[in-house]
Amino acid sequence: MCNAPSDAEARRAIKPVICYPTDTLPEPDMAVYEAARIGAEVVDTVIVPPREAASFTAPAGQFFRITSVEGPQVGDLNLWHANDLSERFFSGKTRALHGTHVTTDDRLWSNLPHMRPMATVTHDTLGWYGIDQYGGSVHDVIGTRCDPYTHNLLSGGQYHHCCHSNLTRALSDHSGLSLAEAEPHVHDVLNVFMCTGFTRDTGQYFMKASPVRPGDYIEFFAEIDLLGALSACPGGDCSSEHSSDSAACYPLQIDILRPAAGTLDRWHAPAVNGYDRSHGR
Ligand SMILES: [Zn+2]
């Protein structure tokens with residue numbers, strides 16, 4: 001351990017500044033989405049079985065809603081441009097812009113060089129939770145997804161129903177890609193309904209029982225044509241462990257909703273990012 005400098009306390013006392021102030025971030029017009037939600041009708045429903053994943057598509061201008069059914073359950077969400085798997089959800093930049101957890105008004109951003117809103121959170125029945133006494137909150141963009149490689153590293157063995165493998169199978173089934181081809185497209189997730197944070201003393205990623213109950217939902221507006229995959233995590237409500245079959249697990253429901261005609265006249269699909277990609281050359 002290096003010796004602390006004599007002015008260590010003064011250095012620690014420097015006030016932080018926000019890395020990405022959001023006052024210049026284009027704001028979603030929530031009034032448009034609110035109007036579009038009224039009278040929106042369910043046009044498709046997908047049930048994600050426990051410890052499995054399922055794919056779904058949501059065209060630009062429609063909503064997709066993820067609902068807890070039967071019992072408390074966490075879901076791991078991947079999103080791609082429906083016609084271009086190279087454009088996908090960018091958990092890290094979404095975190096940098098909106099913080100560790102997302103709720104109503106926040107957006108799910110796509111990776112570089114696209115970097116545009118893929119989806120906007122339009123309703124979250126767990127928005128009441130806020131940040132608890134442990135620093136925990138719901139719907140995180142800080143975890144990655146449970147995966148069989150980390151499980152093998154820490155515990156040994158071969159477990160095949162981690163969210164990473166579930167998402168890989170779901171993408172393979174939807175796209176016709178082999179498992180080996182599909183796997184590299186699986187990416188860091190939005191942990192739907194998961195209650196997580198970092199311990200204050202050791203900075204470690206923690207989880208605790210999700211407050212989600214049947215009937216709770218988080219709803220998104222698809223800003224571009226989306227292909228999604230959602231895994232019902234083998235951790236169930238993630239109150240104890242994941243990467244095993246020991247937790248009680250429940251299905252998740254995905255509904256696709258089409259707004260009534262004429263309610264989106266003020267909405268425009270976002271263009272890809274305006275940077276010219278010349279990188280100084
Ligand atoms: Zn998982």
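**A sheet, its middle strand and a few odd backbone spots**

According to the UniProt record, an unreviewed entry, the feature "domain: DUF1989" sits at residues 47-227. What you're looking at is a predicted model. Within residues 47-227, 18% is helix and 34% is strand, and the C-alpha atoms at the two ends of the span lie 15 Å apart. Let's start with a sheet and then turn to some unusual backbone spots.

**The six-stranded sheet**

- Six strands make up an open sheet, and reading across you get the order S1-S13-S3-S11-S7-S6, with antiparallel pairing.
- The edges are strand S1 (41-48) and S6, since each of these pairs on one side only.
- On average, neighbouring strands of this sheet are turned by 25° against each other, if you ignore direction.

**Strand S7 and its two neighbours**

- On one side, S7 pairs with S6 in the antiparallel sense, over three bridges.
- Two residue pairs show you how S6 and S7 line up: Arg-107 has Thr-120 as its bridge partner, and Leu-108 has Ala-119.
- S7 is also joined to strand S11 (residues 217-222) by five bridges, and these two strands run antiparallel.
- Thr-120 is a handy landmark here: it partners Arg-107 and also stands opposite Phe-221 in S11.
- Is S7 mostly buried or exposed? Seven of its eight residues are buried, so the strand is largely enclosed by the rest of the structure.

**The loop between S6 and S7**

- Most peptide bonds are trans, and most residues other than glycine have a negative phi. Keep that in mind for the next few points.
- The peptide bond from Leu-112 to Pro-113 is cis, with omega near 0°.
- Pro-113 belongs to the loop that links strand S6 (107-109) to strand S7 (117-124).
- Met-115 is found in the loop between S6 and S7 as well, and its phi is positive, about 35°, although Met-115 is not a glycine.
- Why does Met-115 count as partly exposed? Because it has 17 C-beta neighbours inside 10 Å, while a residue needs 20 or more to be buried and 12 or fewer to be exposed.

**Another positive phi, at Cys-238**

- Cys-238 isn't a glycine either, yet its phi is positive, near 60°.
- Where does Cys-238 lie? Look in the loop between strand S12 (226-232) and strand S13 (252-258).
- Cys-238 counts as buried because it has 24 C-beta neighbours inside 10 Å.

Technical notes: Residues numbered from 1 in each chain as written. Predicted model: local features only at pLDDT ≥ 70, side-chain atom pairs only at ≥ 80, totals over all residues. UniProt positions renumbered as here; feature names shortened; annotations may be inferred. Helix = DSSP H or I, 4+ residues; strand = E, 2+ residues; numbered from the N terminus. Pairing = 2+ DSSP bridges. Axes fitted to C-alpha atoms, helices over the stretch in contact; angles between N-to-C directions.
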